[in-house]
Amino acid sequence: MGTSVSEYLALDHERLDVLFELATLRTEKVDPDAYGKFRQGLLRHIGIEEKILIPALQPILNDESKAILARIRSDHSAIVALLVPEPVPPVIAALRDILSKHNDLEETHGGFYEL
């Protein structure tokens, strides 16, 4: 039996979390190879959600789900903007903060992936 879309995306979050932690293990300097893989993977992940998942779900969303979607899309914009500059400590801290809340919006019971 294959993996569902929600399972695939949740597993991808786990993979990206590992890469992010590897990239930021040393507080004084980000590991450029791990960060590059994290950045590339996260942009791909956001692309899947924005170009495939969100358009497929939009016709069936209720008002509550639309509000969650608006927050998710806002987070996506902020995340992408933070992936542009050099990954200095304030950028890493902002990414960590947004991603922890963002992943919960998507993965928890009643979250976006459940749709």
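**Figure 1. Lys 101 is partly exposed, and its side chain pairs up with Asp 97.** Start with Lys 101, whose relative accessible area is 43%; partly exposed sits between buried, under 20%, and exposed, over 50%, using a 1.4 Å probe and protein chains only. This is a predicted model, so local features need pLDDT of at least 70, side-chain atom pairs count only at pLDDT 80 or more, and totals for chains, interfaces and linings use all residues. Residues are numbered from 1 along each chain as its sequence is written, and side-chain values use heavy atoms, with hydrogens and water left out. Lys 101 and Asp 97 form a salt bridge with an N to O distance of 3.1 Å; the term stands for a side-chain nitrogen of Lys or Arg within 4 Å of a carboxyl oxygen of Asp or Glu. Both residues belong to helix α4 and sit four residues apart, or about one turn of the helix. Asp 97 is partly exposed too, at 38% relative accessible area.

**Figure 2. Here Glu 21 meets Arg 96 in a salt bridge.** The gap from N to O is 3.5 Å for this pair. Glu 21 comes from helix α1 and Arg 96 from helix α4 (residues 89-107), so the bridge ties together parts 75 residues apart in sequence. Glu 21 is partly exposed, with 41% relative accessibility. Arg 96 also counts as partly exposed, its relative accessible area being 34%.

**Figure 3. Arg 15 and Asp 12 pair up inside helix α1.** Their side chains form a salt bridge at 2.8 Å, N to O. The two are three residues apart in helix α1, which covers residues 5-23, and that spacing is about one turn of the helix. Are the partners buried or exposed? Asp 12 is buried, at 6% relative accessibility, while Arg 15 is partly exposed, with 38% relative accessible area. Counting the whole structure, there are five salt bridges.

**Figure 4. His 45 is a buried residue of helix α2.** Helix α2 takes in residues 32-57, and His 45 has just 2% relative accessibility. Which residues does His 45 touch, once its neighbours within four places in sequence are set aside? The contacts (heavy atoms within 4.5 Å) are Leu 9, Asp 12, His 13, Leu 16, Glu 106 and Tyr 113. Asp 12 turns up again here, after its salt bridge with Arg 15.

**Figure 5. Zooming out, the protein has four helices and zero strands.** Along the sequence, the pattern reads α-α-α-α; helices are DSSP runs of H or I with at least four residues, strands are E runs of at least two, and both are numbered from the N terminus. The C-alpha atoms fill a box of roughly 45 × 35 × 25 Å along the principal axes. Buried residues account for 37% of the 115 residues. Look at contacts with a separation of 6 or more: 67% of them join residues 24 or more positions apart.

**Figure 6. Last view: where the charges of the protein lie on average.** The 12 positive and 19 negative charges have mean positions 7 Å apart. Lys and Arg are the positives, Asp and Glu the negatives, with His and the chain ends not counted; each charge is placed at NZ of Lys, CZ of Arg, CG of Asp or CD of Glu.
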